[in-house]
Amino acid sequence: MTITYSCIANGRAVLAELSLTGGSYQEAAATVLRLVLLRAEPKTIMQMGSFVYHTLFIDGITYLCATDNALDTITPSAFLKNVSDTFLRNPLMSQEHFSPSNAVAADFQQVLGKYMMQYNKNQGDSSISTLRSQVTEVKNIMSKNIDEILENEERLNIFTDKTDDLQTTVSDVHLS
């Protein structure tokens, strides 16, 4: 999962946005923002085209990000929470001072970029650790299966020996 686009909006007005890949997110983002305002739900997730849009709506401000994977909802939620916390912690980011023409918007674009890179990098690290744990799990299962096969082989050998002994005994009794 990669966060490819993010923005902060006051109503429908985008205050700061950043796209890490080529592509036009503005039209889809405008649609998502309109739906968020209509629904007024704290969190929404919407699939539009090949991207999944995650939003966090707090006090009239919408924090939005687009990802390329619908399966992960934890990473985008954590990203949006971090962005909103940073936005709300800074007094210059209040609604009265923050407008698209303000230099703070450009500065906050850098904050969006920093968090996007951080969460995308962490996701890559997480994928590697997930893969490693899956490999370890497969190795453990294979070892367990090999142990079971060896135990079964041992029991089969014992059974075969007993069968041979029984057959020998039956042959001896039959010959007598």
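What follows is a walk through the strand pairing, nonpolar cores and salt bridges of this structure, which is a predicted model.

The β3–β4 pair is a handy place to start. Strand β3 covers residues 43–48 and strand β4 covers residues 51–58, and the two run antiparallel, joined over 6 bridges. Within that ladder, Met-46 finds its bridge partner in β4 at Tyr-53. The connection makes a hairpin, with just 2 residues sitting between β3 and β4. One residue of the turn, Gly-49, takes a positive phi of about 65 degrees.

On to the packing. The largest nonpolar core counts 19 residues, and the ones with the most contacts inside it are Ile-8, Tyr-63, Phe-79 and Val-83. Two or more residues apiece come from β1 (3–10), β2 (13–19), β5 (61–67), α2 (74–89) and α3 (103–175). Of these, α3 hands over the largest share, at 5 residues. Val-83 gives a good view of how things fit together: leaving aside residues up to four places away in sequence, Val-83 touches Ile-8, Tyr-63, Phe-108, Leu-112 and Tyr-115. Two of those neighbours, Ile-8 and Tyr-63, are also on the list of residues with the most contacts inside the core. Apart from this core lies another one, made of 14 residues, including Val-36, Met-46, Tyr-53 and Phe-57. Met-46 and Tyr-53, the bridge partners from the hairpin, thus turn up together in this other core.

Then there are the charges. Side chains of opposite charge can pair when their charged atoms come close. Here the count comes to 2 salt bridges. In one, the side chains of Asp-85 and Lys-81 meet with an N to O distance of 2.9 Å. Both residues belong to helix α2, where Asp-85 and Lys-81 are 4 residues apart, or about one turn of the helix. Asp-85 has a relative accessibility of 26%, so it counts as partly exposed. Lys-81 is partly exposed too, at 45%.

The other salt bridge links Glu-151 to Arg-155, with the closest N and O atoms 3.9 Å apart. That distance still makes the list because the cut-off is 4 Å. Glu-151 and Arg-155 sit in helix α3, again 4 residues apart, about one turn of the helix. Glu-151 is partly exposed, with a relative accessible area of 46%. Arg-155 reaches 52% and therefore counts as exposed, the threshold being over 50%.

Notes
Residues are numbered from 1 along each chain as its sequence is written. This is a predicted model: local features need pLDDT of at least 70, side-chain atom pairs count only at pLDDT 80 or more; totals for chains, interfaces and linings use all residues. Side-chain values use heavy atoms; hydrogens and water are left out. Two strands pair if DSSP finds at least two bridges between them. A nonpolar core is a set of buried Ala, Val, Leu, Ile, Met, Phe, Trp, Tyr and Cys residues joined through side-chain atoms within 4.5 Å. Buried means under 20% relative accessible area, exposed over 50%, partly exposed in between (1.4 Å probe, protein chains only). Contact means heavy atoms within 4.5 Å.
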